[in-house]
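Open the model in your viewer and keep the selection tool at hand. Each stop below says what to select and what is there.

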Amino acid sequence: MAIASQPGHLPARARTSTGARRILVNHLATAAAVGSTIIVVAPLVAIFAYLVYKGASSLNLAFFTQIPKPVGEAGGGMANSIIGSGVLLAIASAIGVPMGIASGIYVAEFGRGTRLSNMVRFTADVLNGVPSIVMGIAIYSLIVLPQKHFSALAGGVALGIMMIPTITRTTEEMLLMVPRSVREAALGLGVPNWRSVLSITLRTASPGVITGCMLAFARVAGETAPLLFTALGNQYWSTSINEPIAALPLQIFVYAISPYEEWHRLAWGAALVLIALIVLSVGLVRYVAGRGVLKGAS
Amino acid sequence: MGVSIEVSGLNAWYGSNHTLRDIQLHIPANHATALIGPSGCGKSTFVRCLNRMHETNPVGRVTGTVKIGQVDIYRDISPVEIRRRVGMVFQRPNPFPTMSIYDNVASGLRLNGYRNRKVLDEVVARSLHQAALWDEVKDELKKKSGASLSGGQQQRLCIARALAVDPEVMLMDEPASALDPVSTSKIEDLIFQLKSQYTIVIVTHNMQQAARVAENTGFFLNGRLVEFDSTHKIFTNPRDKRTEDYITGRFG
């Protein structure tokens with residue numbers, strides 16, 4: 001036994017994994033990781049490339065400045081849908097982001113371990129699994145029916161509620177990742193708990209919380225089903241939140257199932273614009289949020 | 001100025017685990033007092049009872065009396081208020097990772113509502129000088145994150161942060177145990193200077209460290225304070241057999 005533990009007298013098992021075999025295994029593992037990465041990224045690249053291929057040709061100035069033309073007339077654009085999607089997402093974010101973050105804070109910090117907090121977490125998970133069309137119907141009965149008209153407000157609320165569970169859960173998880181030592185540092189300075197949670201814990205977790213918000217945003221930006229019963233869509237200009245409003249996903253839906261070649265072309269363009277706008281807004285938020293980051297911050 | 005600490009009949013629990021038993025202790029003002037003992041003996045719990053951090057643990061419970069100066073901290077004052085008067089430095093350096101060096105030091109004041117920039121500038125400079133960190137960081141106060149400093153610098157940053165709120169007592173829970181010898185000796189020099197202005201209680205596993213910085217030393221074992229005396233007496237002529245066994249390395 002004593003001999004086996006000395007260098008140069010390693011047990012047989014240890015010796016086999018040295019040298020050539022170890023290097024081979026290392027290369028295989030690396031190749032497997034790189035291969036998986038390519039498989040994961042490939043569909044994304046493929047989709048984007050195909051969108052550019054099919055949609056880029058229909059993008060021109062009119063696409064961004066005009067509203068749709070009647071059937072049979074060439075040209076026209078998606079300006080009202082682009083603005084409409086912007087309005088809907090602004091309403092959705094105004095509802096989803098504060099409520100999602102606030103309930104995430106409650107679940108992770110103030111209510112940790114309480115029955116209410118467990119209930120909120122469970123509800124968020126269930127809400128996350130609710131099909132988006134059901135969300136549309138629910139808001140239809142809650143807002144559209146009483147008001148007796150479709151509206152941008154109803155669409156925004158539907159999307160906003162869909163954002164909440166994702167943001168709640170990521171906020172909770174990011175807050176729980178903040179080490180206890182950081183919280184103790186704040187409490188040890190005589191900072192009240194609520195202040196420590198908002199100014200220290202939430203701030204430390206903010207990159208993750210922002211990612212959660214962007215995920216939720218990107219997800220609802222492409223939603224069509226909940227808008228069918230709420231925002232309805234609109235072929236004309238409208239920015240009023242009390243009127244039906246156009247939205248890119250709705251317009252894509254309507255144009256894609258139409259029999260007209262011209263509309264198909266516009267739908268491809270709209271899909272490209274939708275993805276570009278999502279990427280752009282996520283990038284913008286990341287840039288703005290990242291400007292204050294210090295050298296060596298972790 | 002530092003104040004003295006008077007502890008009597010102090011008991012503490014973690015859940016059903018009785019970790020401190022009937023502690024009786026007088027810690028004099030403007031001295032450094034070292035607490036030694038094997039792991040799990042209750043010395044960390046003890047210092048965490050001195051600023052009511054123990055009760056931030058959901059299963060932590062405390063009974064007994066701790067008087068800091070004239071104030072009975074478990075009866076006369078809120079936990080938040082006492083922690084402003086009793087600063088704490090933890091075992092692992094824990095600067096706020098998203099904050100600059102400046103913001104870390106200013107955090108205690110800012111989070112309690114002070115906004116006057118001139119005052120903050122002064123306090124930050126004074127605290128960093130006191131913590132012997134000023135010269136190393138003065139050019140990048142607002143550009144560098146507190147987390148980008150070396151371990152020893154981070155710990156001095158944490159000391160500066162604690163000093164910035166102008167406490168009367170400084171509790172240090174093994175402040176140098178995660179640091180290399182050079183950083184450790186810097187921290188010890190610091191303790192030596194700070195004790196003229198503050199009452200310092202330092203938990204340490206390193207008996208030479210206790211001997212170097214502290215006038216008085218207490219030996220904890222199994223949740224009890226076995227012996228408390230001048231450091232010289234503890235290390236040369238302890239009254240209790242268990243203290244002698246521990247400092248001579250016969251156990252622990």
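**The largest core**

This is a predicted model. Select B:V201 and B:I202: in the largest nonpolar core, which has 80 residues, these two touch the most other members. Now colour helix 6 of chain B. That helix gives seven residues to this core, the largest share.

Stay with B:V201 and show its contacts. Leaving out residues up to four places away in sequence, B:V201 touches B:I27, B:T33, B:L35 and B:V47. The list goes on with B:L50, B:V169, B:L171 and B:M172.

There is a second core, separate from this one, with 61 residues. To find it, select A:A152, A:M163, A:F217 and A:L227, which are among its members.

**Two packed helices in chain B**

Next, select helix 3 (residues 101–110) and helix 6 (residues 151–164) of chain B. Two packed helices are described by the distance between their axes and the angle between those axes. Here the axes come within 7 Å and cross at roughly 30°. Is the crossing left-handed or right-handed? Helix 3 of chain B passes helix 6 of chain B in a right-handed crossing.

Show the side chains where they meet. From helix 3 of chain B, pick B:I101, B:N104, B:V105, B:A106, B:S107, B:G108 and B:L109. From helix 6 of chain B, pick B:L157, B:A160, B:R161 and B:A164. Sorted by class, the residues of this contact are seven nonpolar, three polar and one charged.

**B:T204 and its loop**

Move to B:T204. It sits in the loop between strand 8 (199–203) and helix 8 (207–213) of chain B. Why does B:T204 count as buried? Because 25 other C-beta atoms lie within 10 Å of B:T204, and 20 or more are enough for a residue to count as buried.

Now show what touches this residue. Beyond its neighbours within four places in sequence, B:T204 is in contact with B:A34, B:I36, B:E174, B:Q209 and B:A210. For a distance across the chain, draw a line from B:T204 to B:R83. Their C-alpha atoms are 21 Å apart, and the two residues are separated by 121 residues along the chain.

**B:Q209, a contact of B:T204**

Select B:Q209, which lies in helix 8 of chain B. B:Q209 is buried too, with 22 other C-beta atoms within 10 Å. Which residues does B:Q209 contact, leaving aside its neighbours within four places in sequence? They are B:A176, B:E188 and B:T204.

Then add B:T184 to the selection. B:Q209 and B:T184 are 25 residues apart in sequence, and their C-alpha atoms are 9.1 Å apart in space.

**B:H18**

Jump to strand 2 (residues 17–27) of chain B, where B:H18 is found. Is B:H18 buried or partly exposed? It counts as partly exposed, because it has 14 C-beta neighbours inside 10 Å. Not counting residues up to four places away in sequence, B:H18 touches B:W13 and B:G223. Add B:N222 as well. The C-alpha atoms of B:H18 and B:N222 are separated by 9.6 Å, although their positions lie 204 residues apart along the chain.

**Chain B as a whole**

Zoom out to chain B. It has ten helices and ten strands. Its C-alpha atoms fill a box of roughly 55 × 40 × 30 Å along the principal axes. The radius of gyration is 18 Å, which agrees with the value near 18 Å for a compact globule of 252 residues. Of those residues, 50% count as buried.

**Chain A as a whole**

Switch to chain A. Here the secondary structure comes to twelve helices and zero strands. The C-alpha atoms of chain A fill a box of roughly 90 × 55 × 35 Å along the principal axes. A compact globule of 298 residues would have a radius of gyration near 19 Å, but chain A has 26 Å. Of the 298 residues, 37% count as buried.

**Where the chains touch**

Finally, show both chains. The contact takes 20 residues from chain A and 26 residues from chain B. On the chain A side, select helix 8 (180–188) and helix 9 (193–221), the elements that give two or more residues. Helix 8 of chain A gives the largest share of that side, six residues. By class, the chain A side has nine nonpolar, seven polar and four charged residues.

Definitions and conventions:
Residues numbered from 1 in each chain as written. Chains lettered and ligands numbered in written order. Predicted model: local features only at pLDDT ≥ 70, side-chain atom pairs only at ≥ 80, totals over all residues. Contact = placed C-beta atoms within 7 Å. Helix = DSSP H or I, 4+ residues; strand = E, 2+ residues; numbered from the N terminus. Nonpolar A, V, L, I, M, F, W, Y, C, P; charged D, E, K, R; others polar. Rg over C-alpha atoms; globule rule 2.2 N^0.38 Å. Buried ≥ 20, exposed ≤ 12 C-beta atoms within 10 Å, placed from the backbone. Axes fitted to C-alpha atoms, helices over the stretch in contact; angles between N-to-C directions. Left-handed = near helix turned anticlockwise from the far one by under 90°. Core = buried A, V, L, I, M, F, W, Y, C linked by C-beta atoms within 7 Å.
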